[in-house]
Amino acid sequence: MNNIIEKLKKTQDLDDNELRQLLECQNTDDIEYLRKSAEMVRQEHYGKDVYIRGLIEISNFCKNNCYYCGIRAGNKNTDRYRLSSEQILDCCKNGYALGFRTFVLQGGEDAYYSDELLCSILTQIKNNFPDCAVTLSLGERSYESYKKLYDAGADRYLLRHETASPEHYSRLHPDSMSHENRLKCLYDLKKIGFQTGSGFMVGSPFQTTDNLIADLRFLQKLKPAMIGIGPFVSHHETPFADFENGTLELTLKLISILRLMFPKVLLPSTTALGTISPTGREKGILAGANVVMPNLSPVMFRKLYSLYDDKICTGEEAAECRNCLNNRMLSIGYNIVVSRGDIKE
């Protein structure tokens, strides 16, 4: 297996059979060699620096009914909320004082946040914090909408493709949602000039090794600046409530594979990783990730942004999240840095 890992490290590519062997490998020595190789490549480009993003969950209203998501429109047992412009700017002010230089505005697909309103919010953030980057993660919108948001100052956009297989996509989403449109949105974002992020769930219902290989191939074609992956974690108010969660082991393996395939990519160690394992985020960094995303959302709303069950850090103030993660990173020899954290060119 070491020769396959060395080939991946050298060429950033493998054939499908080699990828399959790596994804299905159970040998602990081989998996550790993969992890060490990814960590070495990560340190070549980013040293021991960990970039932080201040996550602001602006709304748990969503028009969609994705079968895996706790804020799906069909969940009638959740209290809905929206943050005002003032609340969002307060989160940014608080985050700036804590050393955040990237803010991530994330939410469901909520028509309340019109282009006009979002552009106003973006302009105020950029005026107040000109040395900061703004990432949006607000789902599928039109090319014209994305262009307005970019022109208003948004730097990055994160839109997970979820799965590169149309058949698999149809098993995770209702007929009203289009795999073709999801991919179109990603190419629109790149064409406009966004630092574009994509990604997928690991261990989602019905996922196969072939699906994962297709995901990696799609990412090779897209060439994103950011790749967000995390384990599938079930939510009790969804059709997938009884499905098993994705595993820590496969998620970490994929983080390492992605680091070797995309040596300079921005690769988060996600909250979902920390949810399925007490040291999941630290293990993600050691596997090749270089970004963490503490929560800046008002504490009173955090439990309501419930994409999956047992989400961590829902009761902590922003400063607590920041300090906790700082200590966690220091414990493994890494350090959080005050930086926009752009991709290395």
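How many disulfides does a search of the whole structure find? The count comes out at zero. The structure here is a predicted model, and its cysteines are a handy place to start. A disulfide is a covalent bond between the sulfur atoms of two cysteines. To count as one here, the two sulfur atoms have to sit within 2.5 Å.

Take Cys69, for instance. Its closest cysteine sulfur belongs to Cys66, but the gap is 6.2 Å, so the two are too far apart for a bond. Cys69 is also tucked away from the surface: with a relative accessible area of 13%, this residue is buried. Cys313 tells a similar story. The closest cysteine sulfur to that of Cys313 is in Cys321, and because 4.3 Å separates them, they are too far apart for a bond as well.

Now for the strands. Six of them make up an open sheet, lined up in the order E2-E3-E4-E5-E6-E7, with parallel pairing. At the edges are strand E2 (54-59) and strand E7 (226-231), each of which pairs on one side only. The sheet isn't flat like a board: ignoring direction, neighbouring strands are turned by 20° against each other on average.

Zooming in on one edge, strand E6 (residues 195-202) runs parallel to E7, and six bridges join the pair. Looking at individual residues, Met201 has Gly230 in E7 as its bridge partner.

A helix also meets this sheet. Helix H5 (residues 115-128) lies across strand E3 (102-107) and strand E4 (133-137). Relative to E4, helix H5 runs at about 155°.

Methods: Residues are numbered from 1 along each chain as its sequence is written. This is a predicted model: local features need pLDDT of at least 70, side-chain atom pairs count only at pLDDT 80 or more; totals for chains, interfaces and linings use all residues. Side-chain values use heavy atoms; hydrogens and water are left out. Two strands pair if DSSP finds at least two bridges between them. Helices (H or I, at least four residues) and strands (E, at least two) are DSSP runs, numbered from the N terminus. Axes are lines fitted to C-alpha atoms, for helices over the stretch in contact, and angles run from 0 to 180 degrees between N-to-C directions. Contact means heavy atoms within 4.5 Å. Buried means under 20% relative accessible area, exposed over 50%, partly exposed in between (1.4 Å probe, protein chains only).
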